[in-house]
Every structure is written in structure tokens, then in C-alpha cells.
Amino acid sequence: MALSSAVPHADAAPNVRFGVDMFSLRSQGWTPIAMLDWCAQRHVKVVHFSEIRFIGGLDPDNLKRVRAHADELGIDLEIGMRSICPTSTMFDKTQGTAEEQLAKMVDAARIVRSPIVRCVLGSVADRQGPGGIETHIQDVIKVLHNSRSRIVDAGIKIAIENHAGDMQARELKSLIEGAGPDFVGVCLDSGNPVWTIENPHLTLETLSPYVLTSHMRDSAVWRSEQGAAVSWTRMGEGNMGIEDYIRTYIQKCPGRAVSLEVIVTRPRMFNYFEPSFWAPYRQTPAWEFAQFVSLVDKGVPRATPPPIPKDEVAAREVQDVEASIRWTQGFLATLQA
């Protein structure tokens with residue numbers, strides 16, 4: 001893989017651990033070694049392999065090679081997996097039980113010296129059906145209780161992401177408290193709250209005591225005819241107040257990585273003026289939803305861009321990540337000015 005030259009940057013604030021989640025570069029087909037080299041060129045200090053595929057598998061020899069190369073580059077590692085909820089539509093039962101999959105990841109985390117294993121419950125699809133998201137939350141709590149001794153003995157913590165519209169902050173908080181905040185915390189995603197009709201600043205306020213790491217992403221929201229439109233954007237190009245979000249995150253979650261997960265999307269519609277929309281959100285308090293509406297009402301409608309041609313997706317992805325790295329490093333530098 002040919003690596004492009006390093007992105008011009010302003011050094012990040014010295015007390016902030018700046019990182020990138022490799023899902024940001026999901027279309028590149030790079031090896032984990034190439035990913036580390038690319039990140040090192042851009043002064044990234046934390047590389048977050050949020051899924052097994054990005055680190056190249058869980059073979060111990062592979063993990064040791066990745067760890068050794070990261071050491072040469074002065075990079076911290078975090079690793080992760082997908083769903084640990086056996087009843088989620090995202091759960092891959094072909095890989096074993098949730099407990100078995102977690103055990104493998106805990107062993108891998110020890111090899112690469114990742115302090116956490118990032119994982120998810122599922123997606124917005126899990127809000128549907130009898131019992132709603134609450135049923136799945138209880139299933140995850142059971143898995144974590146069954147796995148507690150192994151995780152604690154390994155000195156690892158589980159970082160559950162608010163993911164793809166699955167849980168609102170209040171719901172994820174209940175999962176953490178039910179499982180045990182001594183060994184379970186949060187991978188806080190700044191973009192996913194708008195997929196749960198939640199203001200990201202409320203999400204941060206609710207979950208900050210439990211944060212172990214982050215996925216930083218900017219969002220644009222505005223009013224549509226049926227409710228709201230939401231787009232994920234490059235850093236600095238949204239209207240969710242990402243500057244204030246990062247300032248608050250650094251203050252309330254000291255020492256935790258500021259790691260970008262760059263995903264740029266076309267608008268997604270949330271038609272909450274339609275009564276049927278509310279079936280998965282019956283438990284959402286009006287005061288919480290009002291904070292989301294306040295954010296929506298501040299937005300200005302944006303044109304829907306044309307789809308990116310398939311042969312341009314990989315190149316555009318790199319451009320989006322590089323632009324977001326430049327903006328974030330520059331912003332973090334201003335915090336120390």
C-alpha cells in the first residue's frame with residue numbers, strides 16, 4: 001500500500017490523547033501495520049481497532065506483531081468487537097456464545113495491552129419487537145455478569161458504545177449500572193445520539209462519569225417536513241456544537257482519548273410527526289426530546305449530495321479523515337493557546 005505524505009497539522013493539546021478509530025478507514029483494505037504507519041505520519045497517538053477485522057484477526061502472533069510495531073511508533077492501542085447481545089440482530093452466533101467471544105477479546109486485549117474491549121449491543125433494529133430495547137439490555141447485563149471474573153482478573157474494562165441508534169443515554173446508563181461500573185463503562189460516540197433523537201450534549205452529560213474512550217464525529221441536523229433530517233459530517237462542518245462538545249468532554253473525561261470515527265453520510269430522516277414513529281421510543285421523556293428539537297430548530301437545511309461513485313469511495317474516505325484530523329488537531333491546539 002502506498003502511503004500519502006503526512007497531513008499538515010497543528011500539534012494537539014499536550015494533555016489530550018488524540019486518536020483515530022480504524023472504522024474511519026474501513027474501505028482501504030490496509031493491513032494493521034499499514035494503518036499504524038498511516039496514523040503515525042499524522043501524529044495520532046491512539047489507534048482504536050474497533051472491530052476484529054481491522055487488527056487482522058486474533059492469532060496471538062499477529063497481535064504481538066501489531067503491539068510491537070505500535071511500540072516502535074509510540075502508539076497506544078485499543079481493540080474492540082461487535083455485538084455481545086445474543087438476542088440482537090447484529091449478533092454473530094457462528095463465532096460462539098457472547099461469553100466465549102468476550103473471553104477471546106479479553107485475552108487479545110492483554111496481548112496488545114489495550115485497557116478496554118469496545119463492544120456494542122446492536123442497532124436501531126433492536127428497539128423493535130416485544131420488550132423493546134430493555135429486553136436486550138437485560139440480556140447484555142447477563143452476559144457481563146457471567147463474564148465478570150474473567151474480565152476483572154485480566155485487568156480489562158468493557159467499553160459499550162451507544163451504537164447505530166440502539167440506546168439513548170439513559171438506557172445505556174442503566175446497562176452500565178446493572179452490569180457493574182467497576183468493570184463496564186462507555187465508548188462515547190458523539191454522532192450516534194442523533195440517530196436516537198437525542199441531543200449529543202445530553203448524552204455526554206449523562207454518560208461522562210462512565211466514559212472509557214470515545215468516537216468523535218460531527219453532525220448536521222435540521223427540520224424537515226415530517227420531523228428532522230440528520231447527516232454525519234467531517235469534523236467542523238456540522239451544527240451540533242462540536243467545539244463545545246469537545247471542551248466539555250476534555251473537562252469531564254480527563255485522560256480519555258479523543259478519537260475520531262469519521263463517517264460522512266447523506267441525510268437520514270426521522271419522521272417524528274408521524275404517530276407510528278414513536279413505537280420504539282415510548283419511554284423517552286419529553287424534556288429529553290425537547291433538547292433534541294431545540295438543536296434541530298437551530299439547523300439550516302442542506303442539499304442532498306449525489307451518491308459517491310463506487311470507484312471513488314475509498315479516496316473520498318481518506319479525504320474526509322484527513323480533513324477531520326487537520327480540523328481536530330488545529331482545534332485542540334487552540335485550547336492550549
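**Strand pairing, salt bridges and the largest pocket**

Strands E8 and E9, the latter spanning residues 228–233, pair in the antiparallel sense over six bridges. The model in which this pairing is seen is a predicted one. Within the pairing, Arg223 has Ala228 of E9 as its bridge partner. The two strands belong to an open sheet of three strands, arranged in the order E8-E9-E11 with antiparallel pairing. Strand E8 (218–223) and strand E11 (268–270) form the edges of this sheet, each of them pairing on one side only. On average, and with direction ignored, neighbouring strands of the sheet are turned by 25 degrees against each other. Helix H9, which comprises residues 286–297, lies across E8 and E9 and runs at about 85 degrees to E8.

A parallel pairing is found elsewhere in the chain, where four bridges join strand E5 (residues 157–161) to E6. In this pairing Ile160 stands opposite Val186 of E6. Strand E6 (residues 184–189) has six of its six residues buried, and it is therefore largely enclosed by the rest of the structure.

The structure holds 18 salt bridges. One of them is formed by Arg82 and Glu51, whose closest N and O atoms are 3.6 Å apart. Because Arg82 lies in strand E3 (residues 76–83) whereas Glu51 lies in the loop between strand E2 (46–49) and helix H2 (52–55), the pair ties together parts that are 31 residues apart in sequence. The two partners fall into separate accessibility classes: Arg82 counts as partly exposed at 41% relative accessibility, whereas Glu51, at 8% relative accessibility, counts as buried because the cut-off for that class is under 20%.

A salt bridge is also formed between Asp71 and Arg113, with the closest N and O atoms 2.7 Å apart. This pair links distant parts of the chain, since Asp71 is in helix H3 (residues 60–73) and Arg113 is in the loop between helix H4 (98–112) and strand E4 (116–120), 42 residues apart. Asp71 has a relative accessibility of 38% and so counts as partly exposed.

Within a single helix, Arg247 forms a salt bridge with Asp244, the closest N and O atoms being 2.7 Å apart. Both residues lie in helix H8 (residues 242–252), where they are three residues apart, or about one turn of the helix. Arg247 is partly exposed, with a relative accessible area of 39%, and Asp244 is likewise partly exposed, with a relative accessible area of 46%. In addition to such pairs, salt bridges that share partners join Arg127, Arg170, Glu171 and Glu288 into one network.

The largest pocket contains about 430 Å³ of space. It is lined by 20 residues, of which Val264, Thr265, Arg266, Pro305 and Arg316 are the closest to its centre. The elements that contribute two or more residues to the lining are E9 and helix H10 (313–334). Strand E9 supplies the largest share of the lining, namely three residues. Strand E9 thus appears both in the lining of the largest pocket and in the antiparallel pairing with E8.

Note on methods
Residues are numbered from 1 along each chain as its sequence is written. This is a predicted model: local features need pLDDT of at least 70, side-chain atom pairs count only at pLDDT 80 or more; totals for chains, interfaces and linings use all residues. Side-chain values use heavy atoms; hydrogens and water are left out. Two strands pair if DSSP finds at least two bridges between them. Axes are lines fitted to C-alpha atoms, for helices over the stretch in contact, and angles run from 0 to 180 degrees between N-to-C directions. Contact means heavy atoms within 4.5 Å. A salt bridge is a side-chain nitrogen of Lys or Arg within 4 Å of a carboxyl oxygen of Asp or Glu. Buried means under 20% relative accessible area, exposed over 50%, partly exposed in between (1.4 Å probe, protein chains only). On a 1 Å grid over the protein atoms alone, a cavity is a set of points where a 1.4 Å probe fits but cannot get out, and a pocket is an open set with protein on both sides within 12 Å along at least five of seven lines; lining residues have an atom within 4 Å of a point. Grid points are joined across faces, edges and corners, and a volume is the space filled by probe spheres set on the points.
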